[in-house]
Amino acid sequence: QTCALPIYARTYDQRQELIPTITEGDSHQFGVSLAVQPNAEVLLIGAPGTGYPGGTISDPGAVYVVLKNNFDNYAISQEIQLTDPDAEFGFSVDISADGLYLFIGAPGVNKVHVYQKIETAEYWELLTTYTGTAGGRFGHAIKFDSVNDLLYVGAPTYSGTQPEQGAVYLLHFDGSTLNYQNIVTLPNAEQ
């Protein structure tokens, strides 16, 4: 079983194919989520079904950081992985416009992780983690607004006034932490 992400040029001819290291028996789900920095220098690819090396932890998930080189080719430069079982890390991903911050959802454990680029290297390390309401699949979808420094986080099975009514959290990112701003849910309605 091969997981691959084809990359196409403006002429829609296939330019390149990215293939991660494969662990036999895993359903990696490579490419379930994608984020591209506006200048296309950095791609972020989620693979929430990836197992932990050695098979000791089931499906923590992984995210691949892909960089464009001087020849307009892409190469996987970093694999980021959690040790939380069934985290589905990488189910959703986004990247700041400047490429300094990576936002990664792990809805299996109701978390969003923020990674910061190390300026002296093409490497990102964990900066902070925000945990949502248990059982809501917090981190199922994410979108970062670089202009207003807001992270929108979907939690489709969040239960507020109704069972599994769903919600979208608005979190302010100050460069080091995520701070709760608001939550948006559907108004009460008869089902």
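1. A charge is taken to sit over a ring if NZ of Lys or CZ of Arg is within 6 Å of the ring centre and within 35 degrees of the ring normal. In this predicted model, Arg137 meets that description, lying over the face of Phe91 at 5.3 Å from the ring centre.

2. On confidence, the mean pLDDT of the protein chain is 84, and 80% of its residues reach 70 or more. The stretch to treat with reserve is residues 8-14, where the pLDDT is below 50, although the model still gives this stretch seven contacts beyond near neighbours in sequence. Where pLDDT is low, the predicted coordinates should not be read in detail.

3. As to the overall make-up, the protein chain has zero helices and 14 strands, and read along the sequence it follows the pattern β-β-β-β-β-β-β-β-β-β-β-β-β-β. Of its 191 residues, 43% count as buried. Among the contacts between residues at least 6 apart in sequence, 39% join residues that are at least 24 apart.

4. One sheet can be described strand by strand. It is an open sheet of four strands in the order E11-E12-E13-E14, with antiparallel pairing. Its edges are strand E11 (141-145) and strand E14 (178-184), each of which pairs on one side only, and from one strand to the next the twist averages 20 degrees.

5. Within this sheet, strand E12 (residues 150-155) is joined by six bridges to strand E13 (residues 167-173), and the two run antiparallel. The register can be followed from the residues that face one another: Leu150 stands opposite His172 in E13, while Leu151 stands opposite Leu171 in E13.

6. E13 is also joined by six bridges to E14, again in an antiparallel arrangement. On this side His172 stands opposite Asn179 in E14, so that His172, which was named above as the partner of Leu150 in E12, serves as a reference point for both pairings. The hairpin of E13 and E14 has four residues between the strands, and in it Gly175 takes a positive phi near 100 degrees.

7. How far is E13 enclosed by the rest of the structure? Five of its seven residues are buried, so the strand is largely enclosed. One of the residues in strand E13 is Tyr169, which is itself buried and takes part in the aromatic contacts described below.

8. A pair of aromatic rings is described by the distance of the centres and the angle of the planes. The count of aromatic pairs comes to 10. For Phe30 and Tyr64 the ring centres are 5.4 Å apart and the planes stand at 75 degrees, and because angles over 60 count as edge-to-face, the pair is edge-to-face. This pair links distant parts of the chain, since Phe30 is in the loop between strand E2 (14-18) and strand E3 (33-36) whereas Tyr64 is in strand E5 (residues 62-68), 34 residues apart. Both Phe30 and Tyr64 are buried.

9. A further edge-to-face pair is formed by Phe138 and Tyr169, whose ring centres lie 4.9 Å apart with planes at 90 degrees. Phe138 is in the loop between strand E10 (123-131) and E11, and Tyr169 is in strand E13, so the pair ties together parts that are 31 residues apart in sequence. Phe138 and Tyr169 are both buried. They also belong to a cluster in which ring pairs link Tyr130, Phe138, Tyr158, Tyr169 and Tyr180.

10. Two backbone conformations deserve a check. Most residues other than glycine have a negative phi, and most peptide bonds are trans. Asp86 is not a glycine, yet has a positive phi of about 55 degrees; this residue is placed in the loop between strand E6 (74-81) and strand E7 (92-95). With a relative accessible area of 42%, Asp86 is partly exposed, because that class lies between the limits of 20% and 50%.

11. Glu164, likewise not a glycine, has a positive phi of about 50 degrees and lies in the loop between E12 and E13. Is Glu164 buried or exposed? At 55% relative accessibility, Glu164 counts as exposed, the cut-off for that class being over 50%.

Note on methods
Residues are numbered from 1 along each chain as its sequence is written. This is a predicted model: local features need pLDDT of at least 70, side-chain atom pairs count only at pLDDT 80 or more; totals for chains, interfaces and linings use all residues. Side-chain values use heavy atoms; hydrogens and water are left out. pLDDT is the predictor's confidence in each residue, from 0 to 100. Contact means heavy atoms within 4.5 Å. Two strands pair if DSSP finds at least two bridges between them. Axes are lines fitted to C-alpha atoms, for helices over the stretch in contact, and angles run from 0 to 180 degrees between N-to-C directions. Rings of Phe, Tyr and Trp (its six-membered ring) pair if their centres lie within 6.5 Å; planes under 30 degrees apart count as stacked, over 60 as edge-to-face and the rest as tilted. Buried means under 20% relative accessible area, exposed over 50%, partly exposed in between (1.4 Å probe, protein chains only).
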